[in-house]
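Work through the exercises below with the sequence and the 3D view side by side. Try each task before reading its solution.

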Amino acid sequence: AVRDGVAEHTKIDFNVKIRELDGSWRHPLEGVIDRLLREEPSPLRRRLSTAIAWAGRANVQRRRDQAFLMKMVALEAATTRDQSGPGVTERLRRRVAQIVGGSAVQQVAISAQMAELYTLRSRIVHAGNGEALTDATMRDITRLVRVVIERLLTAEPFREMSTEQELESWFKEQP
């Protein structure tokens with residue numbers, strides 16, 4: 001929300017029911033998300049909450065093109081600050097590859113995959129053309145969103161970060 005030209009934190013209804021399990025095994029990410037939804041988040045956690053909300057909306061969206069766009073928004077929300085200007089596409093490609101990690105060859109492949117996904121995103125947004133969306137494309141974007149959010153919430157060095165500046169500094173330090 002914006003008041004007097006300044007952004008303020010608002011409570012977002014995530015449409016997520018926090019569930020209590022009977023002691024059976026839980027994925028570590030579930031506990032992190034439970035805490036995220038129960039506690040007042042840091043600025044970085046708020047950004048990740050927004051990404052989770054977009055990913056969740058995408059998972060229940062019936063239209064494939066809309067679900068795809070929401071997943072792209074989730075990646076942008078998780079990896080980039082609210083900043084306009086040139087280079088958004090390149091920044092998103094590079095950051096997703098850096099977070100997903102792996103060898104230099106794997107990061108190049110992820111960056112190339114992100115370029116293809118962003119091209120498809122642009123076709124849908126600007127021309128309304130989602131014909132190229134396949135089951136494989138949806139699996140790819142879903143996997144990338146899951147891995148990026150999971151790593152930002154649970155992996156070192158991200159899980160100890162609380163400010164957007166810490167994450168921005170980490171990105172700048174990467175080769």
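**Exercise 1: Contacts of Phe68 and the core**

Task: In this predicted model, which residues does Phe68 contact, leaving aside its neighbours within four places in sequence?

Solution.
Step 1. Beyond those neighbours, Phe68 is in contact with Leu117, Leu120, Arg121, Ile124, Leu133, Thr137, Met138 and Ile141.
Step 2. Now place Phe68 in the largest nonpolar core, which has 39 residues. Phe68 and Val96 touch the most other members of this core.
Step 3. Look for the helices that build the core: α2 (43–60), α3, α4, α5 (104–127), α6 (135–154) and α7 each supply at least two of its residues. The most comes from α6, which gives 9 residues.
Step 4. As background, nonpolar side chains in soluble globular proteins tend to be buried together.

**Exercise 2: A salt bridge within one helix**

Task: Where do Glu90 and Arg93 lie, and how many residues apart are they?

Solution.
Step 1. Both residues belong to helix α4 (residues 88–100). They are 3 residues apart, about one turn of the helix.
Step 2. The closest N and O atoms of Glu90 and Arg93 are 3.5 Å apart. The cut-off is 4 Å, so the pair counts as a salt bridge.
Step 3. Glu90 has a relative accessible area of 37% and is therefore partly exposed. Arg93 is also partly exposed, because its relative accessibility is 23%.

**Exercise 3: A salt bridge between two helices**

Task: Are Glu168 and Arg95 buried or exposed?

Solution.
Step 1. Glu168 and Arg95 form a salt bridge, with their closest N and O atoms 2.6 Å apart.
Step 2. Glu168 lies in helix α7 (residues 164–173) and Arg95 in helix α4, so the pair ties together parts that are 73 residues apart in sequence.
Step 3. Both Glu168 and Arg95 are buried.
Step 4. A network of salt bridges links Arg47, Arg95, Glu164 and Glu168. The search of the whole structure finds 9 salt bridges.

**Exercise 4: Confidence in the model**

Task: Which element of the protein has the lowest mean pLDDT, and which has the highest?

Solution.
Step 1. Start with the whole protein: the average pLDDT is 82, and 75% of the residues score at least 70.
Step 2. By element, strand β1 (residues 2–3) has the lowest mean, 44, and helix α3 (residues 64–79) the highest, 94.
Step 3. Residues 5–18 have a pLDDT below 50. In the model this stretch has 17 contacts beyond near neighbours in sequence.

Technical notes
Residues numbered from 1 in each chain as written. Predicted model: local features only at pLDDT ≥ 70, side-chain atom pairs only at ≥ 80, totals over all residues. Heavy atoms only, no water. Salt bridge = Lys/Arg side-chain N within 4 Å of Asp/Glu carboxyl O. Helix = DSSP H or I, 4+ residues; strand = E, 2+ residues; numbered from the N terminus. Buried < 20%, exposed > 50% of the residue type's maximum accessible area, 1.4 Å probe, protein only. pLDDT = per-residue confidence, 0-100. Contact = heavy atoms within 4.5 Å. Core = buried A, V, L, I, M, F, W, Y, C linked by side-chain atoms within 4.5 Å.
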